[in-house]
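Q: I'm new to this structure and would like a close look at a single part of it. Could you walk me through the disulfides, taking your time over the details?

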Amino acid sequence: MLGICRGRRKFLAASLTVLFVPAITWIYLFAGSFEDGKPVSLSPLESQPHSPRYTASSQRERESLEVRMREVEEENRILRKQLSLAQSRSPSHHRGNHSKTYSMEEGTGDSESLRAGIVAGNSSECGQQPAVEKCETIHVAIVCAGYNASRDVVTLVKSVLFHRRNPLHFHLIADAIAKQILATLFQTWMVPAVRIDFYDADELKSEVSWIPNKHYSGIYGLMKLVLTKTLPSNLERVIVLDTDITFATDIAELWAVFHKFKGQQVLGLVENQSDWYLGNLWKNHRPWPALGRGYNTGVILLLLDKLRKMKWEQMWRLTAERELMSMLSTSLADQDIFNAVIKQNPFLVYQLPCFWNVQLSDHTRSEQCYRDVSDLKVIHWNSPKKLRVKNKHVEFFRNLYLTFLEYDGNLLRRELFGCPSEADINSENLQKQLSELDEDDLCYEFRRERFTVHRTHLYFLHYEYEPASDNTDVTLVAQLSMDRLQMLEAICKHWEGPISLALYLSDAEAQQFLRYAQGSEVLMSRHNVGYHIVYKEGQFYPVNLLRNVAMKHISTPYMFLSDIDFLPMYGLYEYLRKSVFQLDLANTKKALIVPAFETLRYRLSFPKSKAELLSMLDMGTLFTFRYHVWTKGHAPTNFAKWRTATTPYRVEWEADFEPYVVVRKDCPEYDRRFVGFGWNKVAHIMELDAQEYEFTVLPNAYMIHMPHAPSFDITKFRSNKQYRICLKTLKEEFQQDMSRHYGFAALKYLTAENNS
């Protein structure tokens, strides 16, 4: 109660001060403005030096009165601001109507008020204007090129999405690699009120390729200079970010700073937090010209419309040409040129508070930028060492970064209430399909999985592929989850050709995989392996979706459809390439079968030839695959004939046949209705047969299944009766769909199923 009374007293005192100080001030000024009973004008237009009443003393008095008047007016402005803050914090104010806008004071860091959307119920009384409308779109531009940057930018986007309360429009200046990766990622992420536009970075190379650059970012590190020319002409302002940025607050707070720009200010930048531009880091260190410490361009506010009117393009080009005559190249890419322009034109810059770009580079002075972690708004990992940089508080920064790195991106698919999203045809079709499902159906979860959109990050690691000149190249295709990660190195040792893998992982598991891969000499030495992350969602393992993702992103004309638990024989890659040519797979519908075997031993001396394999088969060290539990799956391969075969031979389709095959890349996809365990490969082979593929067994090829613990899905299949009932229902529906699609020829599948 005492605290409330004190609060009211402070409020009343501030109010009285605001009312009486101006009145007293003006009485004082009015009285002081009379000389000999006559008013003395304060206007310089009326007080002329040649007037007989004009004296040096009266001039000094007039000037002192003007100074005092400005001081009092400034004090009055500060008091009004304090009164406004007191009103916004008073309990009675919060019971008023809430405005639909955010209001922020520069540098206050009032993120809690921003989060709650709490502003003055009658802000006009205090003369405050709304800074960011509730549904105002915030525009963000990012230059992103290559596999690593495409991975880094996801963490930045997560941190922005986590805090945001406004619609976002990302403008991504991307090369072909980044565009493929990020277009798929955002299309499958399906975040409401987020729009993505791409701009071809390769087309912009000619604009900046004439500038020698020593920075590790390469030519792409110069492309922020041409944003006025690249971005739409009707776009007035944009926030420009590096990919190694992490947000700790709502980006709307930064967007609001645009309202603070005055006069010819067109660039919002934070001062550089190292001594780089002071030129004292080492002997003979000669940086580009800069104003004081210079400015860091990891976070930039650009007023595009004014920059275009100022002929920014001509301005930076002339500056760069002049400085390069003596500097020869840039050391910090676009940052050097921005600073050289600012050195000549300091009026262009609005200096942002340093917490909008806390720079964790070598020799940084960023520790002087903040007193408490609550002060932080943007963290910039601008050292090549990234998370390994030395800093007194690096553990805190690293943990904040890792939080977003491993944060479940699916949780960011939340709607912005009160802000209508743009119509998305894919989202509307998905909702329509889901609405047609019967939620009371006991198999509803199985059916729903078919329509689940899984967030997908293609080419999670660097990928390189050189096409084979003879056009016979084959990619091994497989899918896996975290519990099969140990198979990767062995497969890479057995198969030297390209590999396409779909990994079903959570965000945290994806980072574990990244660390595992980067720590493996075997995996890091292979650049022809495409790792595609499909993020976890739902209760089933979407095995056929994973296979489709891996199939869709191969670079070769042929593919070997395998499973992660199998090791191909040594030399299988070259053998398959020869078989593709000899059997004219390019012009015929053939599925080449690689016979499958298995071992129950975790340690196996892998057979180096067919003769050695047959010997191990006779000794009981190896078995034909699933001989003990599912003979029908591979019996049509005719292993008895294979033992003595020296030439390829044809076999006919039979019920439940599920061999591992080599096919052209244009073969049909796997049916997504089959998830978890059961019928996922059987249905695919059935469709190949319906499309009149010829099954041909290769006489000198083999693969061996390695033992492992039972998967979670096979355990559910064996223990859950409803699981088995739903699988049977899905099988029957698939067969009916086959009959409708392929007509009379598909009747044999119904007959074969009934006879089996």
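A: Turn about the S-S bond of Cys135 and Cys419 and you get a torsion of about -95°, so this disulfide is left-handed. Keep in mind that the model is a predicted one. The sulfur atoms of Cys135 and Cys419 sit 2.1 Å from each other. As a reminder, a disulfide is a covalent bond between the sulfur atoms of two cysteines.

Now see where the two ends come from. Cys135 belongs to the loop between strand S4 (132-133) and strand S5 (138-144), while Cys419 belongs to the loop between helix H13 (394-405) and helix H14 (425-435). They are 284 residues apart, so the bond links distant parts of the chain.

What about their surroundings? Cys135 has a relative accessibility of 33%, so it counts as partly exposed, because partly exposed covers the range between under 20% and over 50%. Cys419 has a relative accessible area of 6% and is buried.

Searching the whole structure turns up two disulfides, so let's go on to the bond between Cys443 and Cys726, again with an S to S distance of 2.1 Å. The torsion about the S-S bond of Cys443 and Cys726 is about -95°, which makes this disulfide left-handed. Cys443 is in the loop between H14 and helix H15 (444-449), whereas Cys726 is part of helix H25 (residues 721-742). That pair therefore ties together parts of the chain that lie 283 residues apart in sequence.

How hidden are these two cysteines? Cys443 is buried, at a relative accessible area of 5%, and Cys726 is buried too, with a relative accessibility of 0%.

While you're looking at cysteines, here are two others to find. Cys492 counts as buried at 9% relative accessibility, and Cys667 is buried with a relative accessible area of 7%.

If you'd like a neighbouring topic, try a pair of helices. Helix H5 (residues 146-163) and helix H6 (residues 176-189) have axes that come within 9 Å and cross at roughly 35°. The crossing of H5 past H6 is right-handed. On the H5 side, the contact includes Tyr147, Val153, Val157 and Leu161, and on the H6 side Ile181, Leu185, Phe186 and Trp189 are among the residues they meet. Sorted by type, the residues of this contact of H5 with H6 come out as twelve nonpolar, two polar and one charged.

Key: Residues are numbered from 1 along each chain as its sequence is written. This is a predicted model: local features need pLDDT of at least 70, side-chain atom pairs count only at pLDDT 80 or more; totals for chains, interfaces and linings use all residues. Side-chain values use heavy atoms; hydrogens and water are left out. Axes are lines fitted to C-alpha atoms, for helices over the stretch in contact, and angles run from 0 to 180 degrees between N-to-C directions. Helices (H or I, at least four residues) and strands (E, at least two) are DSSP runs, numbered from the N terminus. A crossing is left-handed if the near helix is turned anticlockwise from the far one by less than a right angle, and right-handed if clockwise. Contact means heavy atoms within 4.5 Å. Ala, Val, Leu, Ile, Met, Phe, Trp, Tyr, Cys and Pro count as nonpolar, Asp, Glu, Lys and Arg as charged, and the others, Gly among them, as polar. A disulfide is a pair of cysteine sulfur atoms within 2.5 Å. Buried means under 20% relative accessible area, exposed over 50%, partly exposed in between (1.4 Å probe, protein chains only).
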